[in-house]
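Subject: Structure for you to look at

Hello,

Here is the structure we spoke about, with the sequence alongside. Please open it first and keep it on screen while you read the rest of this message.

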Amino acid sequence: MKHLLSCLFFALALVTAPVSWSADENAAQATEQVERLSVNINTASEQQLSEQLKGIGPAKAKAKAIIEYRQAHGEFSSPDALMEVKGIGPSTLDKNRDLIKV
């Protein structure tokens, strides 16, 4: 009977161990996905800005305005500095804040 219980506990440990590993793996994948989706506003192309940021698409020419501002004034020091670009307001910044890196 003791042997049976030992085997049962061992089997239970094997079954539950991958669950915690899987959770760690999922967290790592989520972090990696966020990194892939984030946009460096100091180096991104017009296409990257248009495709990856919300409300910045080519129809509104905001991506082009970001590039022109960057060329004229240098790198952005923070995501909030985007507010200096004509056409970028608080709502656009708030929609994209988690995606922007400098």
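Below are my notes, from the whole chain down to single residues.

Overall

Please keep in mind that this is a predicted model. The average pLDDT of the protein chain is 79, and 65% of the residues score at least 70. Residues 30–34 have a pLDDT below 50, and this stretch makes 0 contacts in the model beyond near neighbours in sequence.

The protein chain contains 4 helices and 2 strands. Their order along the sequence is α-β-α-α-α-β. The protein chain has 102 residues, and 27% of them count as buried. Its accessible surface is about 7,200 Å², and carbon and sulfur atoms make up 59% of that. Of the contacts in the protein chain with a separation of 6 or more, 47% are between residues 24 or more positions apart.

Helix H3

Helix H3 covers residues 62–73, which is 12 residues. From its first C-alpha to its last it reaches 16 Å, close to the 16 Å expected at 1.5 Å a residue. Which residues of H3 are buried? They are Lys 62, Ala 63, Ala 65, Ile 66, Ile 67 and Arg 70. What do the buried residues of H3 pack against? Their partners are helix H2, residues 46–52, and helix H4. After H3 comes Gly 74, which has a positive phi, near 90°.

The loop between H2 and H3

Gly 57 sits in the loop between H2 and H3. Leaving out residues up to four places away in sequence, Gly 57 touches Ser 50 and Lys 62. The second of these, Lys 62, is among the buried residues of H3. Gly 57 is also 11 residues from Glu 46 in sequence, with a C-alpha to C-alpha distance of 9.0 Å.

The aromatic pair

The count of aromatic pairs comes to 1. It is formed by Tyr 69 and Phe 76, whose ring centres are 5.6 Å apart and whose planes are at 15°, so the pair is stacked. The cut-off behind that word is an angle under 30 degrees between the planes. Are the two residues buried or exposed? Tyr 69 counts as partly exposed because its relative accessibility is 21%, while Phe 76 counts as buried because its value is 5%. The limit that separates them is 20% relative accessible area, with buried meaning under that value.

Phe 76 is placed in the loop between H3 and H4. Not counting neighbours within four places in sequence, its contacts include Ile 66, Tyr 69 and Arg 70. Ile 66 and Arg 70 are also among the buried residues of H3. Other contacts of Phe 76 include Ile 41, Asn 42, Ala 81, Leu 82, Val 85 and Val 102. The C-alpha atoms of Phe 76 and Asn 40 are separated by 9.6 Å, with their positions 36 residues apart along the chain.

Helix H4

I looked at three residues here. Thr 92 belongs to helix H4. It is buried because its relative accessible area is 7%. Beyond its neighbours within four places in sequence, Thr 92 is in contact with Lys 54, Ile 56 and Lys 62.

Lys 95 is also in helix H4. It counts as partly exposed, because its relative accessibility is 44%. Lys 95 and Gly 55 are 40 residues apart in sequence, yet their C-alpha atoms are 8.3 Å apart in space.

Asn 96 lies in helix H4 as well, and this helix runs over residues 90–96. Is Asn 96 buried or exposed? It counts as buried because its relative accessibility is 2%. Apart from neighbours within four places in sequence, Asn 96 is in contact with Leu 53, Lys 54 and Ile 56. What lies 2.6 Å from a polar atom of the Asn 96 side chain? The backbone nitrogen of Lys 54 does. Lys 54 and Ile 56 thus appear twice in this part of the notes, as contacts of Asn 96 and as contacts of Thr 92.

To follow these notes on screen, start with Phe 76 and its ring partner Tyr 69, then go to Asn 96 and its contact with Lys 54.

Regards

Terms used: Residues numbered from 1 in each chain as written. Predicted model: local features only at pLDDT ≥ 70, side-chain atom pairs only at ≥ 80, totals over all residues. Heavy atoms only, no water. Buried < 20%, exposed > 50% of the residue type's maximum accessible area, 1.4 Å probe, protein only. Polar contact = N/O pair within 3.5 Å; in protein donor to acceptor, adjacent residues only side chain to side chain. Contact = heavy atoms within 4.5 Å. Areas by Shrake-Rupley, 256 points an atom, 1.4 Å probe, with all protein chains shown as cover. Phe/Tyr/Trp six-rings, centres within 6.5 Å; stacked < 30°, edge-to-face > 60°. Expected span 1.5 Å × (residues − 1). pLDDT = per-residue confidence, 0-100.
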